[in-house]
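Subject: The structure you asked about

Hi there,

Here is the structure I promised to pass along. Have a look at it first, and then read on for my notes.

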Amino acid sequence: MPPSRESISNRGDDDEVCPVCKSSRYLNPDMRFLINPECYHKMCESCVDRIFSGGPANCPVAGCHKTLRKARFRKQTFEDIGVEREVDIRRRVMQVLNRREEEFDSKRAYDDFLEQREEIIANLVHGTDVAKTEGDLQRYASENMRSIRANQALEAREASSFQEQQTHEQELARLRRQAAREEYENERREILAGREDVLSRLAAGKPADAATIAREGHKVLLKKSSARRSEEERIRQKQAALRNSDSRKAGATAVDRTTESRDSGFIKGLKRIKTPEPEKPYDPFGGLVPNKRDYYTLRDSYPSSYLDPIRQDTRMQAGGYNLQEYYSRTLMEAFAGLGCFVDEEVARRDGAISKPNATEV
Ligand SMILES: [Zn+2]
Ligand SMILES: [Zn+2]
């Protein structure tokens, strides 16, 4: 039984004292507290070592009889134990019920699923219907192991590709900054060089030409800066086009995902996946069995005073004469046409349904 909410929130006050050995952080500043998600009772690290090193043992906190294992002790992430517990439960449920929106028929069905999941989490957090909820959850987990695994893998892949994209974008931004800085430097150097050029020409030339030289120098600078502006514009357009194609590519890969059968009634509104029918073995005669006759079976010999002597007659056998062939042909001719009903066939032919029919014997 998990501790009630009051006992959880009250324990925030004596945070600094281990409830087991009563030593406090005041005397031992290096003291670390650990919790076990079994009952969320907090105790210091040395107590955990002392009590649970020899194997599983009962929780030393008075009134709590949970059996705890050392391996499951961990540091507390949130200050409020209630929050810590809720986050743990939420994480566990989300790992099992990890259906994705694209697996549902409609947005509405997905919303219903999200609501159902919140309800399950709330039940577990507040201790309502715990046994039934846990049972449902476990049954769902065992029935949908494959889909759960696939979705987990998908999530991991998405997370890592997001990380990749982030670093990629950071790298691009760094390159852009560097290019801008270099450009600024170049521009400054060009202006200085231009000015120096004008000055030296002014110094060398006649006083009468001064105005012309100054005007020319100004014109050269203007031309350079306008050329630079158009170049910048061109680069900007190219980058925008590149970004667009990138995002389109990302969208295309997101749709591609593994599908599988889903037959649990626990979650409603999941898309039905049609499994293709297994291919039948190839039948070259289209259902017709060779050597099978509908109205008779061929026997090895038929008593006949006329045919029997032939079996011993070497003059007949020498030429390769085979009685079997004779039986087969004779019987076929005798029975041919027994399965044909001309009036029916004619009626069918005169009606619109004139299907070509393979003649069967
Ligand atoms: Zn302690
Ligand atoms: Zn406990």
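Below is what I found, starting with the overall make-up and then going through the metal sites, the sheet and a few single residues.

Please keep in mind that this is a predicted model. The chain has 361 residues, of which 21% are buried. Its secondary structure comprises 11 helices and five strands. Among contacts with a separation of 6 or more, 57% join residues that are 24 or more positions apart.

**The first zinc site**

Let me begin with the zinc ion (ligand 1). Which residues hold it? The protein donors are the SG atoms of Cys 18, Cys 21, Cys 44 and Cys 47, at 2.1 to 2.3 Å from the ion. Along the chain, these donors follow the spacing C-x2-C-x22-C-x2-C. Cys 18 sits in the loop between helix H1 (5–10) and strand S1 (33–35), while Cys 44 belongs to strand S2 (residues 42–44), so this pair ties together parts that are 26 residues apart in sequence.

The geometry of the site of the zinc ion (ligand 1) is tetrahedral, with angles of 103 to 115° among the four donor atoms. For reference, the ideal angle for four tetrahedral donors is 109.5 degrees. Both Cys 18 and Cys 44 are buried; for Cys 18 the relative accessible area is 0%.

**The second zinc site**

The zinc ion (ligand 2) has a mixed set of protein donors: Cys 39 (SG), His 41 (ND1), Cys 59 (SG) and Cys 64 (SG), which lie 1.9 to 2.3 Å from the ion. The spacing of these donor residues in sequence is C-x1-H-x17-C-x4-C. Cys 39 is in the loop between S1 and S2, and Cys 59 is in the loop between strand S3 (57–58) and strand S4 (67–68), so the two tie together parts that are 20 residues apart in sequence.

What arrangement do the four donor atoms around the zinc ion (ligand 2) make? The arrangement is tetrahedral, because the angles they subtend are 105 to 115°, and four donors count as tetrahedral if all angles lie between 85 and 135 degrees. Cys 39 is buried, at a relative accessible area of 2%. Cys 59 counts as buried too, because its relative accessibility is 5% and the cut-off for buried is under 20%.

With this many cysteines on view, you may wonder about disulfides. How many does a search of the whole structure find? The search finds zero.

**The sheet and its helix**

Three strands form an open, antiparallel sheet in the order S2-S1-S5. S2 and strand S5 (74–75) are the edge strands, each pairing on one side only. Between S1 and S2 there are three bridges, and the pairing is antiparallel. Within this region, Leu 34 stands opposite Met 43 in S2. Helix H2 (residues 45–52) packs on the sheet, where it touches S1 and S2. The direction of H2 makes about 90° with that of S2.

**A few residues to look at**

Two residues other than glycine have a positive phi: Lys 22, near 65°, and Tyr 40, at about 60°. Lys 22 is found in the loop between H1 and S1, and Tyr 40 in the loop between S1 and S2. Are they buried or exposed? Lys 22 counts as exposed, at 59% relative accessibility, whereas Tyr 40 is buried, with a relative accessible area of 5%.

Further along the chain, Thr 133 is part of helix H5 (residues 130–143). Thr 133 is buried, and its relative accessible area is 8%. Which residues does Thr 133 contact, leaving aside its neighbours within four places in sequence? They are Ile 120, Asn 123, Leu 124 and Thr 128.

Finally, Ala 336 lies in the loop between helix H10 (323–335) and helix H11 (342–350). Ala 336 is partly exposed, with a relative accessible area of 43%. The C-alpha atoms of Ala 336 and Tyr 295 are separated by 9.4 Å, and the two residues are 41 residues apart along the chain.

Happy browsing, and write back whenever you like.

Best wishes

Methods
Residues are numbered from 1 along each chain as its sequence is written. Chains are lettered from A and ligands numbered from 1 in the order in which they are written. This is a predicted model: local features need pLDDT of at least 70, side-chain atom pairs count only at pLDDT 80 or more; totals for chains, interfaces and linings use all residues. Side-chain values use heavy atoms; hydrogens and water are left out. Donors are N, O and S atoms within 2.8 Å of the metal (3.2 Å for Na, K and Ca); water is not among the atoms, so sites may look incomplete. Four donors count as tetrahedral if all angles lie between 85 and 135 degrees; four count as square planar and six as octahedral if opposite donors are over 155 degrees apart and all others between 65 and 115; anything else is irregular. Helices (H or I, at least four residues) and strands (E, at least two) are DSSP runs, numbered from the N terminus. Buried means under 20% relative accessible area, exposed over 50%, partly exposed in between (1.4 Å probe, protein chains only). Two strands pair if DSSP finds at least two bridges between them. Contact means heavy atoms within 4.5 Å. Axes are lines fitted to C-alpha atoms, for helices over the stretch in contact, and angles run from 0 to 180 degrees between N-to-C directions. A disulfide is a pair of cysteine sulfur atoms within 2.5 Å.
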